[in-house]
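Got the model open in your viewer? Let's walk through it one selection at a time.

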Amino acid sequence: MSDVALSKDRYAYLWTRSSIEAHANRYSTAVSSYEPYAHCLRNRYFYDTLNNLITHNNIEVLINFGCGFSMYPFLLENSLHYIEIDKPDVVSHKKEMTTKWEIAGELPHRNISYVEADFNRKSQDKLYKKVLALKNGRKSFILLEGVLFFLGREDMERLFKLFSKLQGPGEYLASVSFIPQLEKQLVFKSLIEYVEGNLEKNERFQYQTVPDDFYSSLEGYKLLDHQDTLSLSALYMPNRDIPEEEVLNEHMYLLKK
Ligand SMILES: C[S@@+](CC[C@H](N)C(=O)[O-])C[C@H]1O[C@@H](n2cnc3c(N)ncnc32)[C@H](O)[C@@H]1O
């Protein structure tokens, strides 16, 4: 919501409460003051990518794994079916609030299915069956945005196998991750410190970075586009200078089965 003209997220403001704003401020002060800008760029990239595919009738259902509080269903076409997947507490809060806002007329009505999941589980059979039934043979776009950092390698491989089982030829998959080279930068070290400092007692955290060739060699998929925060900044805000070493540079990959 820090720059709606850039992000195109005209509903993010609905989530603001002073406690959330204080948390966001604490986070950008500790990690990088460019984080709000980077999030606006990321949202805009997927907003434009999805809109473009919808206009050409290439997708009928958006499946957002680790949807968090992003607002794509309300920013995009009514004609799509939206499947929002996350941990039970996130999904139930999001469902409760968005339903309330739909009834109050603050959000447009959308066809949304909320699914509870835990991507750390060894078996994702139940999740597979649930999503397959909801997808119901329609052309999908699977989005995995801002999630991989929090998962282990095995969880990630299990998820990508699940995506491949769910999708048929011509369907789309998009993923966001950090490349291993970023680990050397101070800004990444600040992120790790921040996350570890906010963990519950006894909670363990193993972050994950993903090399480009994971995507370029992903079986059954072709890499269509690869962007990062810096390339998106040059695309959407060509006159804005940003110091590269202060940006938590995320990479966005768009693939087609
Ligand atoms: C940084 S947020 C990103 C949210 C959203 N995709 C976005 O880009 O704004 C990461 C999300 O991944 C979810 N997540 C992390 N680990 C998960 C797990 N093991 N199972 C299910 N969801 C998980 C979190 O609950 C959170 O909503």
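Start by selecting isoleucine 63 and isoleucine 142: the second, in β4, is the bridge partner of the first. Before moving on, note that this is a predicted model, in which local features need pLDDT of at least 70, side-chain atom pairs count only at pLDDT 80 or more, and totals for chains, interfaces and linings use all residues. Residues are numbered from 1 along each chain as its sequence is written. Strand and helix names follow DSSP runs, numbered from the N terminus: helices are H or I with at least four residues, strands are E with at least two.

**The middle of the sheet**

Now widen the selection to strand β1 (residues 61-65) and strand β4 (residues 140-144), which run parallel and are joined by five bridges. Two strands count as paired if DSSP finds at least two bridges between them. Asparagine 64 is another one to click: it stands opposite leucine 143 in β4.

Stay on β4 and colour by burial. Buried here means 20 or more other C-beta atoms within 10 Å of the residue's own, exposed means 12 or fewer, and partly exposed is in between, with C-beta atoms placed from the backbone. Five of the five residues of β4 are buried. In a regular strand the side chains alternate between the two faces of the sheet. In β4, Ser140, Ile142 and Leu144 are on one side and Phe141 and Leu143 on the other, and both faces are covered.

Next, add strand β5 (residues 172-177), which runs parallel to β4 and is joined to it by four bridges. Here phenylalanine 141 stands opposite tyrosine 172.

**Out to the edges**

Keep going to strand β7 (residues 251-256). β5 and β7 pair in the antiparallel sense, over six bridges, and serine 177 has histidine 251 of β7 as its bridge partner. Five of the six residues of β7 are buried, so this strand is largely enclosed by the rest of the structure.

On to β6: six bridges join β6 to β7, and the two run antiparallel. Pick lysine 222 and lysine 256 to see one pair of bridge partners, the latter in β7.

Now show the whole sheet. It is open, has seven strands with mixed pairing, and its order is β3-β2-β1-β4-β5-β7-β6. At the edges stand β3 (111-116) and β6 (222-228); each has a single partner strand, so one side of each is left without a neighbour in the sheet. Direction ignored, neighbouring strands are turned by 15° against each other on average.

**Two crossing helices**

Select helix α3 (residues 35-55) and helix α10 (residues 229-236). Their axes come within 10 Å and cross at roughly 75°. Axes are lines fitted to C-alpha atoms, for helices over the stretch in contact, and angles run from 0 to 180 degrees between N-to-C directions. The two helices are therefore roughly perpendicular (65 to 115 degrees; under 35 counts as roughly parallel, over 145 as roughly antiparallel, and the rest as oblique).

Show side chains for Ala38, Leu41, Arg44 and Tyr45 of α3, and for Thr229, Leu232, Ser233 and Tyr236 of α10, which make the contact (C-beta atoms, placed from the backbone, within 7 Å). By class, that contact has five nonpolar, two polar and one charged residues. Nonpolar covers Ala, Val, Leu, Ile, Met, Phe, Trp, Tyr, Cys and Pro; charged covers Asp, Glu, Lys and Arg; the others, Gly among them, are polar.

While you're on α3, click aspartate 48: it is partly exposed, with 13 C-beta neighbours inside 10 Å.

**Around the ligand**

Which residues come nearest the ligand? Of the 15 around it, they are Gly66, Gly68, Phe119, Glu145 and Gly146 (a residue is near if its C-beta atom, placed from the backbone, lies within 6 Å). The shell has six nonpolar, five polar and four charged residues.

**Two backbone oddities**

Most residues other than glycine have a negative phi. Lysine 8 has a positive phi of about 65°; look for this residue in the loop between α1 (4-7) and α2 (18-30). Lysine 8 is partly exposed, with 18 other C-beta atoms within 10 Å.

Last stop: asparagine 136, whose phi is also positive, near 55°. You'll find asparagine 136 in the loop between α6 (125-135) and β4, where it counts as exposed with 9 C-beta neighbours inside 10 Å.

Definitions and conventions. Contact = placed C-beta atoms within 7 Å.
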